[in-house]
Amino acid sequence: MSKLKIAIQKSGRLSEKSIRLIQECGIQISNGERKLKAESSNFPIEILFLRDDDIPQYVEQGVADLGILGENEVWEKDKKVTVITKLGFANCKMSLAIPKDETYTGIRYFSGKRIATSYPTILQKYFNSNKIEVEIEEIGGSVEIATGIGLADAVFDIVSTGSTLLMNGLKEVEVVTKSEAVLISNTGLSDEKQEILNRLLFRINAVQNGSGNKYILLNCPVKALDQITRLLPGMKSPTILPLADKDWCSLHSVVKEDEFWDVIDRLKENGAEGILVVPIEKMVL
Ligand code: ATP
Ligand code: MG
């Protein structure tokens, strides 16, 4: 029986979360030391640990069937692969920054300027689409020091908090694009591999739904049940259990993580007490 080969980053910002996602899908991985490969004992999958830069090429060639990496690398390498789903971690911006004392006049500011970056393809496309000519200096890393050492007039790089830019006397002036981790696949998977991928995606969805939702339990006066049920419709409808005190009942439901605080306030207004909110590990809709 064939196995699905999935490439993840060997060591770096994506490694731990990629492994965690696989484990949360109930897939046990044997090789803790992260050699080149690890196999799962309970799912037809093999994990390859690689540099993230190499993942698009390996997936295009079919050396790996799937890959987990930042979408920024997928755009930059511009290989023929399918982006299957966003994974909700490693969120970052890709921004243009200039020395902080410069006056920024809009995107035309960059006309004729030298810009240092590790992402020349993305940057060139951006300026082509804006019909602006720039000179791109491709460098491997430490892009943020390029203006300080006189290599470039501006930089284009990944920004999460902006503190690295500030430390190097730069300010962010344009957000070119936003990126997060994605799952990619080879474009010609066999039916058998597609079948395994579908099983994996089903699990990934369950994990993602679970982490976006909370399980909520509370006690409420029976007379407030209608209002509270409207606030917490849940997956189908809430579970309602009687309490020994006939005027009260216990209600269990599911609430979206981002609506949580808003709902909590309104529950209290309606007389709810003893509210418990607990994480959901997996959720199958
Ligand atoms: P490798 O050795 O595998 O090539 P790397 O140095 O290219 O690793 P990392 O710095 O580990 O890569 O970053 C991996 C990905 O994490 C980036 O491509 C990007 O998608 C994402 N990321 C999120 N936030 C940041 C950040 N603040 N700085 C850099 N990358 C970030
Ligand atoms: Mg890399």
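## Contacts of ligand 1

In this predicted model, a polar side-chain atom of S160 lies 2.8 Å from a nitrogen atom of ligand 1. With the ligand in place, the protein covers 77% of the 620 Å² of accessible area that ligand 1 has on its own.

Two further contacts involve oxygen atoms of the ligand. D52 places a polar side-chain atom 2.6 Å from a ligand 1 oxygen. R13 contributes through its backbone: an N or O atom of its main chain lies 2.8 Å from an oxygen atom of ligand 1.

## The surrounding shell

There are 14 residues around ligand 1, and those that come nearest are R51, D52, D53, N72 and S160. D52 and S160 thus belong to this nearest group, and each has a polar side-chain atom in contact with the ligand, D52 at an oxygen and S160 at a nitrogen.

Sorted by class, the shell consists of five nonpolar, five polar and four charged residues. Ligand 1 itself sits in the largest pocket.

## Domains

The protein chain is divided into three parts: domain 1 (4-87 + 181-210), domain 2 (92-179) and domain 3 (213-279). Domain 1 is given as two segments, 4-87 and 181-210.

Domain 1 and domain 2 each supply at least three residues to the shell around ligand 1. As for domain 3, its C-alpha centre lies 38 Å from that of domain 1.

## Internal cavity

Apart from the ligand site, the model was searched for enclosed space. The count comes to one cavity of 30 Å³ or more. About 40 Å³ of space lies in the largest cavity.

The lining of the largest cavity is made up of I6, L21, I22, C25, I45, I68, L200 and I204.

Methods
Residues are numbered from 1 along each chain as its sequence is written. Chains are lettered from A and ligands numbered from 1 in the order in which they are written. This is a predicted model: local features need pLDDT of at least 70, side-chain atom pairs count only at pLDDT 80 or more; totals for chains, interfaces and linings use all residues. Side-chain values use heavy atoms; hydrogens and water are left out. A residue is near a molecule or strand if one of its heavy atoms lies within 4 Å of it. A polar contact is a pair of N or O atoms within 3.5 Å; within protein, one must be able to donate a hydrogen and the other to accept it, and residues adjacent in sequence count only if both atoms are side-chain atoms. Accessible areas come from the Shrake-Rupley method with a 1.4 Å probe; for residues, only the protein chains shown count as cover. On a 1 Å grid over the protein atoms alone, a cavity is a set of points where a 1.4 Å probe fits but cannot get out, and a pocket is an open set with protein on both sides within 12 Å along at least five of seven lines; lining residues have an atom within 4 Å of a point. A molecule sits in a cavity or pocket if more than half of its atoms lie within 2 Å of its grid points. Ala, Val, Leu, Ile, Met, Phe, Trp, Tyr, Cys and Pro count as nonpolar, Asp, Glu, Lys and Arg as charged, and the others, Gly among them, as polar. Domain bounds come from an automatic or database domain assignment. Grid points are joined across faces, edges and corners, and a volume is the space filled by probe spheres set on the points.
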